[in-house]
Amino acid sequence: MNVGLCLSDLQPQTFGDGSNHRTASATHFAGHFRLIDFMLSNMVNSGIYTVAIVLGSQYQTLLSHIGAGREWDLNRSVGGVQYFPQYPGGDRRFNDVRDEPIQRALLYLDEVKAENVLVVDGSSAYNIDFREPLLQHVATGADVTAIYVNKPVLEIDRDFTAYCKIERSGRVSEIQSDPPAGEPVNQCMGAYIVKKTVLIRLLSRERSCDMTKFSCQVLAGTLKSLKVIGWEFSGYFARICSLPTFFHYNMDMLDPQNREPLFDFNSRRIHTRVHDSTPTKYGQDADVQNSIVANGCLIEGKIENCVVFRNVKVHAGAVVRNSVLQRETVIGANAELNWIVTDKQVIVSESRTLLGYKTHPVYIERGKIV
């Protein structure tokens, strides 16, 4: 297996009415990263250096972040990263096959010398060596190997989630969008190893396909005719598809027991685009407790239990607790925030008080002034 197909989430992130300026794969995570970093790093760490990325709408941020793939060693003359975006046209389509991204990706994969293709979702965070499930895939002669994680239902956001039932033989007997009765459940991770000939046959009539559709519609209808085997992943797994999951899993990174196995497990590092920024500057009265702070920031106030992204400014007298501040957020002097999520370039004016709740954080859209 030396080729990967990434179905970049075709639905924009669902944080709020004005948050659809980036695809879910480009969502920020843990102060420095985007979700797509995990899939690209996992594939490269597993020896996969040919990656086809099927793009949905609002993909410009994703393209700017990945570029030629240099940070992941994917800027290659042979293989590397290949993009398959949607072309505009609506009712004015002049070619209903070649102008659809999934079909152009399949034509590309058909020319690659590989028996198996790794199909992944770009909006999850985990650290895995895909060569381990590949060994089982080859040994069992499976058409498809479905990678899943066993989790309690309460820890799962049910939006855009697929579940699988595993027989004692290891065969997948059912894939559905509603969680089965009983706990814990087998949550599909949006990662499949598929024989290339099988994959091309399954998607030959699809014009576009996200991971939810691939799991619950395309693959679920073939379980009796294909040999689909499950492989259980036992590491840390985060599927981010909504504001509560974004907030929850970012805050999870404050715990070293979650953070360390995710970012550098068995020397498998997660790489991201390098930004040359100055170190963070801390004022004389700055107070930082149990927080992740990226570079380029100015911290003059107090932050506690927070994830702070690049170029954020927290002015003197401000108190920020239990919050996620994305890039270029400015917190005015003497402001107070608790359980808040800001998108990029948000300005909170002086002496403002913003309060959310642990299970219902308040989201402030990109570029807003409060």
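In this predicted model, the sulfur of Cys216 has its closest cysteine counterpart in Cys188. The separation is 7.1 Å, so no bond can form between them; a disulfide would require the sulfur atoms to lie within 2.5 Å. Cys306 is likewise in no disulfide. Its nearest cysteine sulfur belongs to Cys297, at 12 Å. A search of the whole structure returns 0 disulfides. Cys306 is nonetheless buried, because its relative accessible area is 0%.

The largest nonpolar core comprises 56 residues. The residues with the most contacts inside this core are Phe29, Phe38, Leu40, Met43, Tyr126, Phe130 and Phe263. Both helices and strands contribute. At least two core residues come from each of helices H1 (36–45), H2 (60–66), H7 (243–252) and H8 (256–263). Strands E4 (50–54), E6 (116–121), E8 (144–151) and E11 (185–195) each supply at least two as well. Helix H1 provides the largest share, 6 residues.

Phe29 illustrates the packing around one of these residues. With residues up to four places away in sequence left out, Phe29 touches Arg34, Leu35 and Phe38. Its other contacts are Ala125, Ile240, Tyr249, Asn250, Met253, Leu262, Phe263 and Phe309. Two of these partners, Phe38 and Phe263, are themselves listed among the residues with the most contacts in the core. Apart from this core lies another, of 38 residues. Its members include Ala114, Tyr148, Cys164 and Leu199.

Strand pairing was examined next. Strands E9 (residues 163–166) and E10 (residues 172–176) run antiparallel and are joined by 4 bridges. Within this pair, Lys165 has Glu174 of E10 as its bridge partner. The two strands form a hairpin, with 5 residues between them. Gly170 sits in the turn and has a positive phi of about 95°.

A parallel arrangement is found elsewhere. Here 5 strands form an open sheet in the order E17-E20-E23-E26-E29. The pairing throughout this sheet is parallel. Strand E17 (287–289) and strand E29 (353–355) are the edge strands, and each pairs on one side only. From one strand to the next, the twist averages 5°. Inside the sheet, strand E23 (residues 319–321) is joined to strand E26 (residues 336–338) by 3 bridges. These two strands run parallel. Val319 has Glu336, in E26, as its bridge partner. In a regular strand, side chains alternate between the two faces of the sheet.

Methods. Residues are numbered from 1 along each chain as its sequence is written. This is a predicted model: local features need pLDDT of at least 70, side-chain atom pairs count only at pLDDT 80 or more; totals for chains, interfaces and linings use all residues. Side-chain values use heavy atoms; hydrogens and water are left out. Buried means under 20% relative accessible area, exposed over 50%, partly exposed in between (1.4 Å probe, protein chains only). A nonpolar core is a set of buried Ala, Val, Leu, Ile, Met, Phe, Trp, Tyr and Cys residues joined through side-chain atoms within 4.5 Å. Contact means heavy atoms within 4.5 Å. Two strands pair if DSSP finds at least two bridges between them. Axes are lines fitted to C-alpha atoms, for helices over the stretch in contact, and angles run from 0 to 180 degrees between N-to-C directions.
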